[in-house]
Amino acid sequence: MSSMPSAPGIDAIADAAPLSLCAREPHVPADRLVAEMVPPPRFDSVRFSTYIPDPNQPSQTEAVRVLEGFAAGLGGAHAVGGGRRGFLGLGRPRAPKAPAGPRGVYLDGGYGVGKTHLLASLWHATPAEPALKAFGTFVELTNLVGALGFQKTVQTLSGHRLLCIDEFELDDPGDTVLVSTLLGKLVEAGVALAATSNTLPGKLGEGRFAAADFLREIQGLSARFRTLRIDGEDYRHRGLPEAPAPYAEEQVTQAAHATAGASLDDFPGLLGHLARVHPSRYGALTDGLRAVCLTGVEPVPDQSTALRLVVLADRLYDREVPVVASGLAFDRLFSEEMLNGGYRKKYFRAISRLTALARDGARLVATD
């Protein structure tokens, strides 16, 4: 094989075989799941000072003000301290007194208004050691419970000062009861909460399951948060050119061979592989990747497959891994039925994020 011509931004390497996501079957120990509950690489350096509010959206400026005050209020000793012991520290610990009123903030808004930026900024601004703060998506939190067990998760997180939950979503009744109970235990232990979502906390679960049957749990979740509405347009598309159209398969293959650390997979084959890897391992699946190249992108065949793709898109976006693809445009991945159903917000988020990553991937494609 002769060396491929390189485009700006490509590390030209002759005869390099691309990696394959389908060849990876990562195993993630439970302690890694806990250790990795920090803001993802994309948000390592974000701060409140780097968030640029839209001057036409005063709610964005107000959110920064409220969150800065919330972070400052988390200084000092643990809010409850986990309960005191008796004389000379002996005896059983006294039950901590639950804080009165909401013990958290909930950032509600559309796609790309900077909710995750603000949530990560709150994590960074909270005056506590990283080991006393946890940051993860809702899926990662439920995966942690699955890996550690409920009681061990409560024990592990109860000593934290802050728990940040990104992309808060309730997809089934089991998750509703699980998360409601978990957060209740953590609030009783003095842990402050912060969450983001596209759905107001009182509306979680609507359109996805019989939310009315679990109204008490959902209302209990809502009572734990002060809601901050953040208005605005998706910054990922604000003032930027349209996403690149899908490339020819030859261009995608060329980019994969010309980019060190790139993977190359057939899209249907990748969807099949995702079904064999637990979503908690999708982050590890992308370890070390510098680009993801996909051939033959086509509509996802069913909702289970679509939801797995959403998780992968989130992990790629978190890690700023550019995507180069042939086949169908990303805004045609999901059927009209999916986009009008209960998971529509997940699918639109995935489209938005994959579009941003495709724009990043354009620099890897040779155009001559």
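In this predicted model, strand β3 (residues 162-166) is joined to β4 by four bridges, and the two strands run parallel. Within this pairing, Leu163 stands opposite Leu193 of β4. Strand β4 (residues 192-197) also pairs with strand β1 (residues 104-109), again in the parallel sense, over five bridges. Two of the contacts between β1 and β4 can be named by residue: Gly104 has Leu193 as its bridge partner, and Tyr106 has Ala195. Leu193 thus appears both opposite Leu163 and as the partner of Gly104.

These pairings belong to an open sheet of five strands with the order β2-β3-β4-β1-β5, in which the pairing is parallel. The edges of the sheet are formed by β2 (133-137) and β5 (226-230), each of which pairs on one side only. From one strand to the next, the twist averages 15 degrees.

Strand β4 is mostly covered, with six of its six residues buried. Ala192, Ala194 and Thr196 point one way from the strand, while Leu193, Ala195 and Ser197 point the other way; all of these residues are buried. Burial is likewise extensive in helix α3 (residues 115-125), where nine of the eleven residues are buried, so the helix is largely enclosed by the rest of the structure. The buried residues of α3 are Lys115, Thr116, His117, Leu118, Leu119, Ala120, Ser121, Leu122 and Trp123.

A further parallel pairing is found between β7 and β8, which are joined by four bridges. Val297 has Gly327 in β8 as its bridge partner. The chain passes from β7 through α11 to β8, and this β-α-β crossover is right-handed. Strand β8 (residues 323-327) is mostly covered, four of its five residues being buried.

Two cavities of 30 Å³ or more are present in the structure. The second largest has a volume of about 70 Å³. Its lining consists of Phe267, Leu270, Val292, Leu294, Leu309, Leu312, Leu316, Val323, Phe330 and Leu354. The elements that contribute two or more residues to this lining are α9 (267-274), β7 (291-297) and α11 (303-318). Helix α11 provides the largest share, three residues. By residue class, the lining of the second largest cavity comprises ten nonpolar residues, with no polar and no charged ones. Helix α11 therefore has two roles in this description, since the β7 to β8 crossover passes through α11 and the largest share of the lining comes from α11. Phe330, one of the lining residues, lies 8.8 Å from Ser352, C-alpha to C-alpha, at a sequence separation of 22 residues. Ser352 is located in helix α13 (residues 344-361). With a relative accessibility of 5%, Ser352 counts as buried, the cut-off for this class being under 20%.

Terms used
Residues numbered from 1 in each chain as written. Predicted model: local features only at pLDDT ≥ 70, side-chain atom pairs only at ≥ 80, totals over all residues. Heavy atoms only, no water. 1 Å grid on protein atoms, 1.4 Å probe; cavity = no way out; pocket = protein on both sides within 12 Å on 5 of 7 lines; lining within 4 Å. Points joined across faces, edges and corners; volume = space filled by probe spheres on them. Nonpolar A, V, L, I, M, F, W, Y, C, P; charged D, E, K, R; others polar. Buried < 20%, exposed > 50% of the residue type's maximum accessible area, 1.4 Å probe, protein only. Pairing = 2+ DSSP bridges. Right-handed = clockwise from strand over helix to strand, strands pointing away. Axes fitted to C-alpha atoms, helices over the stretch in contact; angles between N-to-C directions.
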